[in-house]
Amino acid sequence: MTEAMPAPPKLSDPERRTAFLLSLPAAMILLIMFILPLGLLLGVSFTGPEGFSLAAYQRLLTTPHYLSVIWNSLKLALVTTALTFLIGYPASFAIARARGGWRSLMLGCLFLPLAASVIVKAFAWTILLRSDGIINSTLMLLGIIDEPVRMIFTQTALIVGSANVFLPFMILPIFAVVAQLDPRLGEAAAMLGANPAVAFLKVTLPVTMPGIIAGVALVFSLSVSAYVVPTLLIGERYPTLAATIAKAYLLTQQPAFGAAAGVVLLSIAIAVVILSSRFGRSSGGLS
Amino acid sequence: MYKTSIHRRSLLKAGGALVVASLSAPSILRAQTKEIVIGGPAGAAKYFTESVFPLLKQKLGVTVLYEGSNSATNLQKMQADSAAPKFSVVVMDDPIMIKAADGGLLMPISTSGVPNLGKLVAGAVHRDGMWANYQRPWAGIAYNTKSGAPKAWADMWDKARAGKIIIPSIQNTEGFWNLLIAAHLETGKPFAEAQYEIDAGFKKLKSLVPNLLNVYTNAPQAMNLLEQGEAQMIGGQFSAYTLTRKAEGAPVDLRIPAEGGFAMPSGIAKVKGGPAPELADAVIDAFLGTEIQAVLAAKAVVAPTNTDAAIPAGYPDPASLFAPDWAFVAKERGKWAERWTTELL
């Protein structure tokens, strides 16, 4: 399935200069807005009252409470990623296989919620999940429960809300890959004797792996660092790394500790992206 | 191969002109439209925008750009922008004002620029004009009227209210009231002594956890849940939030329980080195004047601080309101925030 990319043509000196000039604004933006602040963040994280110090990292990585905070962020990201994948993977095929107005409608349903603020979506979930909200009312109407079940400010509410907010970021990369697939691939596998399950596992899943990996990396990175969604859907009772950073800067005025938490959070996100891309290369998906 | 017509010099010139134009345009526009940036509490944004800022526009011709957040966030912004402040005026609680003043972020005001400063009640001007209280809200238990009024602070611990109580985070200034009440209930000491019994406060507050629906940092969300009946009470909520919603017809009210309520002065200050310093004086003077104070008193049922303004009907007896040692709160709150997260939640 993998095709070798053609080598880029050699550029002349004037072309190189033009290319350099054209890339300069983007490079400067990256340097000023991304690399420089990250360098400062890293520097601050290693400071203490008497200069260089590892105290912030020691406190973050050895205190049971802060280890549970790191685990909370990881758990939220892992469950959100798994849930969005389970919903998003078949949904991507449905959109890719739909034709004409149906496809436009489905894509519209996917894109329109992106225009709504995360805050609005989080508030909407608190309305849906409350005691007299539509979910409790429906469950009671169907006789599944006798009295309202507490859903708001629970981990279930957090996961449901988080999956809802980040679902488009799983669907879109997978859809982009699935839309390019030749539908005859499945037929070819069947003609060669593969049953539908084998055809899916041996053909469809591997060729859609680049989309899956991109979706997983996106959703994991976004949900591990989410601040607004946990703050509004569960509050202080589910402390996360993002909330710890905010508290360190805004309330306890401990910039080194906040910076260290930021570095740990960033390291987790970077590790997932690197692992994903390595897995993508080794899985042999479409290049 | 095409030959590019872009020359480095022309590119740099065009880029430079663009940067200068984009940086200078907003300040030119600001100068023309007489704007001022005020940082203040998010919960006050609605009634400030509807009732106070139109008066400022009418009296001073100034358009207010309001940045609503919690006080701790605004303090952080002031620290970050201290070299080139964005805010001209800040509206914050006294414990945060103490930190801002200690950090050298405020510019003292005087009667020469702010004449109404001389007309305030005793104790409303702090540290020789570093900041002044423009209103005195009061705090008690906010409750949903359908679930019945609480009689005592201890009602929040009633097992029948499991999952129905909301309290503010210690990150919010009003979060201190529940710690103080818990210390009072645990030790039996009066508020004046109980405010220093923080260990006892944490112990008692821990027993409130089964009753908690949420610990909020976002007051409007908490009020929303109270209005919907999802929560029955918010402990330590104050008049400026609850009674404005009551006035608009929401099924909520505020009660001072048997043990007493709390005074929660709101301050206004001029930011050191902030833009438009003369306009900042004029805006602060207007906040301390009778016209705006009368509007705030009527809208939020807060006591005015200008001696010429009338205390509104429904304002509780000031003797029933306890004012804590804010300097102690300001000094210790960071440590309490750590304990709050690690021990309580």
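User: What is the relative accessible area of Trp326(B), and is the residue buried or exposed?
Analyst: This is a predicted model: local features need pLDDT of at least 70, side-chain atom pairs count only at pLDDT 80 or more, and totals for chains, interfaces and linings use all residues; side-chain values use heavy atoms, leaving out hydrogens and water. Residues are numbered from 1 along each chain as its sequence is written, while chains are lettered from A and ligands numbered from 1 in the order in which they are written. Buried means under 20% relative accessible area, exposed over 50%, and partly exposed in between (1.4 Å probe, protein chains only). Trp326(B) is buried, at 9%.

User: How many aromatic pairs does the structure hold over all chains?
Analyst: Rings of Phe, Tyr and Trp (its six-membered ring) pair if their centres lie within 6.5 Å; planes under 30 degrees apart are stacked, over 60 edge-to-face, the rest tilted. Over all chains, the number of aromatic pairs is 24.

User: What is the geometry of the pair Tyr134(B) and Phe287(B)?
Analyst: The ring centres of Tyr134(B) and Phe287(B) are 5.4 Å apart. Their planes stand at 85 degrees, so the pair is edge-to-face.

User: How many residues apart are Tyr134(B) and Phe287(B)?
Analyst: Helices (H or I, at least four residues) and strands (E, at least two) are DSSP runs, numbered from the N terminus. Tyr134(B) is in strand β6 (residues 131–136) of chain B, and Phe287(B) in helix α10 (residues 277–288) of chain B. Both residues are buried. The pair links distant parts of the chain, with a separation in residues of 153.

User: Which class does the pair Trp177(B) and Trp326(B) fall in?
Analyst: The ring centres of Trp177(B) and Trp326(B) lie 5.6 Å apart. Their planes are at 70 degrees, so the class is edge-to-face.

User: Which helices do Trp177(B) and Trp326(B) link?
Analyst: Trp177(B) counts as buried because its relative accessibility is 0%. The two residues are 149 residues apart and link distant parts of the chain. The helices, both of chain B, are α5 (residues 175–187) and α12 (residues 326–344).

User: Which residue of chain A forms a salt bridge with Glu338(B)?
Analyst: A salt bridge is a side-chain nitrogen of Lys or Arg within 4 Å of a carboxyl oxygen of Asp or Glu. The count is 21 over all chains. For Glu338(B), the N to O distance is 2.8 Å and the partner is Arg59(A).

User: Where does the chain A end of this pair, Arg59(A), lie?
Analyst: The pair crosses between chains, starting from Glu338(B) in helix α12 of chain B. Glu338(B) counts as buried at 19%, whereas Arg59(A) is partly exposed at 26%. Arg59(A) lies in helix α2 (residues 55–62) of chain A.

User: Over the face of which residue does Arg59(A) lie?
Analyst: A charge sits over a ring if NZ of Lys or CZ of Arg is within 6 Å of the ring centre and within 35 degrees of the ring normal. Arg59(A) is at 3.9 Å from the ring centre of Phe257(A).

User: What is the relative accessible area of Glu343(B)?
Analyst: Glu343(B) forms a salt bridge with Arg339(B), the closest N and O atoms being 2.9 Å apart. Both lie in helix α12 of chain B, four residues apart, about one turn of the helix. Arg339(B) is partly exposed at 23%. Glu343(B) is partly exposed too, at 33%.
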